[in-house]
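Grab a viewer and a pencil. Here are some exercises to work through, each followed by a solution that goes step by step.

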Amino acid sequence: MFPLIRGWTDVRRSPAANLRLGLVLSFVAGATNAGGFLAVGSYTSHMTGIVSSVADDLVLGHFTLALVGIACLLTFVAGAMCTAIMVNWGLRQQLRSSYSLPLLLESFALLVFGLFGAAIAAWSQVFLPLTVVLLSFIMGLQNAVITKISKAEIRTTHVTGLVTDIGIELGKWVYLNRLETPIPVLANRERLKIHTGLVTGFLVGGLTGALGFKYLGYVTTVPLAGLLWLLSLRPLLDDLRQRAT
């Protein structure tokens with residue numbers, strides 16, 4: 001099994017490997033976001049909505065909710081910062097697992113969220129705000145990973161930009177060029193294919209996460225954590241083997 005996923009999180013990248021990883025992470029993000037909404041009643045990857053809700057809550061005098069929104073924003077940023085620190089440190093150390101490290105941290109956070117779900121539900125007043133910011137941290141962590149790997153060509157935790165790009169490329173596709181036009185308007189079909197795949201992955205992940213949380217509860221995040229571990233383990237083992245020799 002390992003040879004099939006050898007290059008998915010390795011520092012030696014290819015466009016095909018970036019796309020494969022992006023599709024998987026879109027699925028994980030969609031599942032975590034949708035399942036997290038059923039668990040805590042809040043989407044944690046959509047920072048546009050978070051910032052808008054903070055503004056609304058401040059105007060309406062809901063200061064506690066505004067503080068929670070600000071905390072979500074800050075922890076999303078902290079997750080992205082954590083990815084940048086871990087990846088750059090790993091690259092400085094010439095680790096093949098540089099891109100795996102944030103995903104391993106994400107899998108651990110998902111595992112904590114899944115295994116302690118019962119306690120979170122029982123002490124919802126205490127743990128609910130902490131759970132919301134934890135999920136925001138996870139989203140920031142993951143989005144920064146694929147953004148850095150793909151040089152900002154792929155993002156996985158929100159689909160607004162992806163849908164916008166799909167609309168742009170579809171507009172180019174149906175545009176009627178005149179025969180004498182020196183520079184015709186042509187759609188980038190490869191980009192359209194990639195972004196459609198990412199949105200589809202997010203949707204399928206959302207359906208999976210929502211169904212899982214509805215019928216199985218918090219334990220749904222455990223297989224997601226296991227998937228991230230599986231993708232990240234091979235480069236880590238390669239580094240450990242190299243350090244041991």
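The exercises below go from the whole chain down to single residues, and the model they use is a predicted one.

**Exercise 1. The overall fold**

Work out how many helices and strands the protein chain has, and what share of its residues counts as buried.

*Solution.* Start with the secondary structure: there are nine helices and zero strands. Reading along the sequence then gives the pattern α-α-α-α-α-α-α-α-α. Next comes burial: 42% of the 245 residues count as buried. For the outside, the accessible surface is about 13,200 Å², and 70% of that belongs to carbon and sulfur atoms. Finally, look at the contacts with a separation of 6 or more: 74% of them join residues 24 or more positions apart.

**Exercise 2. The largest nonpolar core**

Find which residues touch the most other members of the largest nonpolar core, and which elements supply two or more residues to that core.

*Solution.* This core holds 32 residues, and the ones touching the most other members are Leu21, Leu25, Leu103, Leu110, Ile138 and Leu228. Now trace the core back to its elements: helix 1 (15–40), helix 2 (47–60), helix 3 (63–92), helix 4 (100–115), helix 6 (124–149), helix 8 (189–215) and helix 9 (221–244) each give two or more residues. Helix 6 makes the largest contribution, with eight residues. To zoom in, pick Leu103 and skip its neighbours within four places in sequence: its contacts are then Thr9, Leu21, Leu25, Val145, Leu228 and Ser232.

**Exercise 3. Helix 4 and a glutamate**

Check the span of helix 4, then decide whether Glu106 is buried or exposed.

*Solution.* Take the length first. Helix 4 has 16 residues and reaches 22 Å from its first C-alpha to its last, close to the 22 Å expected at 1.5 Å a residue. Then list its buried residues: Ser100, Leu101, Pro102, Leu103, Leu104, Glu106, Ser107, Ala109, Leu110, Phe113 and Gly114. Glu106 is on that list, and it counts as buried because its relative accessibility is 0%. What does Glu106 touch, not counting residues up to four places away in sequence? The answer is Val28, Ile138, Leu141, Gln142 and Leu228.

**Exercise 4. From helix 6 to Phe113**

Say where Thr131 lies, whether it is buried or exposed, and how far its C-alpha is from that of Phe113.

*Solution.* Thr131 sits in helix 6. Its relative accessibility is 4%, so Thr131 counts as buried. Along the chain, Thr131 and Phe113 are 18 residues apart, while their C-alpha atoms are separated by 7.6 Å.

**Exercise 5. A nonpolar patch on the surface**

Identify the residues of the nonpolar surface patch and the element that gives the largest share.

*Solution.* The patch consists of Val51, Leu73, Val77, Met81 and Ile85, which together have about 420 Å² of accessible area. Helix 3 gives the largest share, four residues. Val77 is found in helix 3, and it counts as partly exposed because its relative accessibility is 39%.

**Exercise 6. An unusual phi**

Locate Gln94, and say what stands out about its phi.

*Solution.* Gln94 is in the loop between helix 3 and helix 4. Its phi is positive, about 60°, although Gln94 is not a glycine. Most residues other than glycine have a negative phi. As for its setting, Gln94 counts as exposed because its relative accessibility is 69%.

Note on methods. Residues numbered from 1 in each chain as written. Predicted model: local features only at pLDDT ≥ 70, side-chain atom pairs only at ≥ 80, totals over all residues. Heavy atoms only, no water. Core = buried A, V, L, I, M, F, W, Y, C linked by side-chain atoms within 4.5 Å. Buried < 20%, exposed > 50% of the residue type's maximum accessible area, 1.4 Å probe, protein only. Contact = heavy atoms within 4.5 Å. Patch = residues over 30% accessible without salt bridge, like charges linked within 9 Å, V, L, I, M, F, W, Y side chains within 5 Å. Areas by Shrake-Rupley, 256 points an atom, 1.4 Å probe, with all protein chains shown as cover. Salt bridge = Lys/Arg side-chain N within 4 Å of Asp/Glu carboxyl O. Expected span 1.5 Å × (residues − 1).
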